[in-house]
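The following exercises are to be worked with the sequence and the coordinates at hand. Each task is followed by a solution in steps.

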Amino acid sequence: MKYFKCLVVIILVTALFSSCKKETGELIDMGYKYFPANTGHWVIYNVDSISYNDFTGNVDIFHFQIKELVESVFTDNSGRTSQRIERYIRSADTVAWTIRDVWYQTLTPSCAERVEENIRLIKLIFPVAAYHEWDGNTFNTLGEQTYKYQDVHTPKTLNNIYLDSTVTVLQKSLYTLISEDFQQEVYAAHIGMVYKKCVALEKQPTGAVIGGIDYSYTLQSYGN
C-alpha cells in the first residue's frame with residue numbers, strides 16, 4: 001500500500017512538473033516571430049484600392065504591387081537597433097520596381113514600432129496574447145487609438161499560401177449611418193504583415209458611398 005501511495009505521488013509530481021514546464025515554455029514565446037527584423041527579408045503585396053471622389057463623383061480603381069525590404073540596420077536617436085525599410089512599387093509583375101518611400105522599424109522587448117510616413121506607430125505589443133489592448137498612437141500626436149489582438153496564433157490561408165500561425169490586430173472599427181471607419185492587419189510568423197484592410201468612407205443615410213477610400217494589401221510572396 002505504501003509503495004502504491006508513493007507511486008501515485010511520483011506520478012502527480014511528474015505531471016505537475018511537466019505542466020509547469022509547458023507553461024514556462026509558452027511564456028518564453030513572446031511573439032517576436034510575427035515581426036521579422038533580419039536584413040534581406042522581403043514581402044510583396046498585391047494592393048487593391050478604390051477611391052471615391054466626393055467632388056466629381058468618380059470612382060477610381062487601382063491594382064498594383066508593393067514590395068517591402070529590410071534593407072539595413074542602424075542605431076536610432078535613442079540608441080536602439082532599428083531597421084531601414086525600403087518600399088518599392090510596380091503596376092504589374094512584368095514591370096520593374098521603382099522605389100516609393102523609406103520607412104523604419106524598431107523591435108523592442110515590449111513592442112514593435114514602425115515609422116510610416118513620418119508617423120511612429122506601435123504595431124504589436126509583447127507577449128502576443130488574446131484580448132491584449134494598447135494605444136497604437138502612443139508615440140505620435142494623432143490621438144488615442146485602441147488596438148487589440150484577435151485570432152491569436154491561428155492558421156490561415158492567404159492567396160493560396162498556408163500560414164501556420166497568424167495574429168490579427170483590430171485597429172479601428174467604427175460604423176454610423178453616414179460613415180465607415182475600419183482598419184485591420186494580420187501578421188504571420190516569420191513573415192510579418194500578410195494582410196491589411198483600411199476603409200474610410202463617407203456615406204448617405206441610404207448607404208450610398210459619397211467619398212473616401214477602401215484598400216487592402218494581400219500577401220503575394222516573401223523571402224530572405
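## Exercise 1: An asparagine in a loop

The backbone oxygen of R120 lies 2.9 Å from a polar atom of the N140 side chain. The model examined here is a predicted one.

**Task.** Determine where N140 lies, whether N140 is buried or exposed, and which residues N140 touches.

**Solution.**
1. Location: N140 belongs to the loop between β7 (133-135) and β8 (146-158).
2. Accessibility: the relative accessible area of N140 is 17%. Buried means under 20%, so N140 is classed as buried.
3. Polar contacts: besides the backbone oxygen of R120, the side chain of N140 reaches the backbone nitrogen of L142, at 2.9 Å.
4. Contacts: when residues up to four places away in sequence are not counted, N140 touches I119, R120 and L121.

## Exercise 2: The order of the sheet

**Task.** State the strand order of the open sheet of 12 strands, and identify which strands stand at the edges.

**Solution.**
1. Order: the strands follow one another as β6-β5-β4-β3-β2-β1-β12-β11-β10-β9-β8-β7, with antiparallel pairing.
2. Edges: β6 (119-125) and β7 each have a single partner strand, so one side of each is left without a neighbour in the sheet.
3. Twist: from one strand to the next, the average is 25 degrees.

## Exercise 3: Pairing around β4, and β8 with β9

**Task.** Establish how many bridges join β4 to β3 and to β5, and which residue stands opposite I99.

**Solution.**
1. Strand β3 (residues 81-90) and strand β4 (residues 98-107) run antiparallel and are joined by 8 bridges.
2. Within this pairing, I99 in β4 has Y88 opposite.
3. Strand β5 (residues 111-116) is also antiparallel to β4, with 4 bridges between them. There, T106 has E113 of β5 as its bridge partner.
4. The connection between β4 and β5 is a hairpin, with 3 residues between the two strands.
5. For I99, the relative accessibility is 44%. This value falls between the 20% and 50% cut-offs, so I99 counts as partly exposed.
6. Leaving aside neighbours within four places in sequence, I99 is in contact with E86, R87 and Y88. The C-alpha atoms of I99 and E68 are 9.8 Å apart, with 31 residues of sequence separation.
7. Elsewhere in the sheet, β8 and strand β9 (residues 161-175) pair in the antiparallel sense over 7 bridges, and T154 stands opposite T166 in β9.

## Exercise 4: Aromatic rings

**Task.** How many aromatic pairs does a search of the whole structure find? Classify the pair of F74 and Y104.

**Solution.**
1. The search yields 6 aromatic pairs.
2. For F74 and Y104, the ring centres are 5.5 Å apart and the planes are at 80 degrees. An angle over 60 degrees counts as edge-to-face, so this pair is edge-to-face.
3. The pair links distant parts of the chain, F74 being in strand β2 (residues 59-75) and Y104 in strand β4, 30 residues apart.
4. Both residues are partly exposed: F74 has a relative accessible area of 28%, and Y104 has a relative accessibility of 32%.
5. W134 and Y149 form a tilted pair, with 4.8 Å from centre to centre and 50 degrees between the planes.
6. That pair links strand β7, which holds W134, with strand β8, which holds Y149, across 15 residues. W134 and Y149 are both buried.
7. Y45, Y215 and Y217 are linked into a cluster by ring pairs.
8. Charged groups also lie over rings: the charged end of R87 is 3.7 Å from the ring centre of W103, and K67 lies over the face of W42 at 5.4 Å from the ring centre.

## Exercise 5: Backbone exceptions

**Task.** Identify which residues are joined by a cis peptide bond, and describe the phi of N118 and of N160.

**Solution.**
1. Most residues other than glycine have a negative phi, and most peptide bonds are trans.
2. The bond joining F126 and P127 is cis, with omega about 0 degrees; P127 is in the loop between β6 and β7.
3. N118, in the loop between β5 and β6, is not a glycine and yet has a positive phi of about 65 degrees. Its relative accessible area of 77% makes N118 exposed.
4. N160, in the loop between β8 and β9, likewise has a positive phi of about 65 degrees. N160 is exposed, at 77% relative accessible area.

Key: Residues numbered from 1 in each chain as written. Predicted model: local features only at pLDDT ≥ 70, side-chain atom pairs only at ≥ 80, totals over all residues. Heavy atoms only, no water. Pairing = 2+ DSSP bridges. Buried < 20%, exposed > 50% of the residue type's maximum accessible area, 1.4 Å probe, protein only. Polar contact = N/O pair within 3.5 Å; in protein donor to acceptor, adjacent residues only side chain to side chain. Contact = heavy atoms within 4.5 Å. Phe/Tyr/Trp six-rings, centres within 6.5 Å; stacked < 30°, edge-to-face > 60°. Lys NZ or Arg CZ within 6 Å of the ring centre and 35° of its normal. Axes fitted to C-alpha atoms, helices over the stretch in contact; angles between N-to-C directions.
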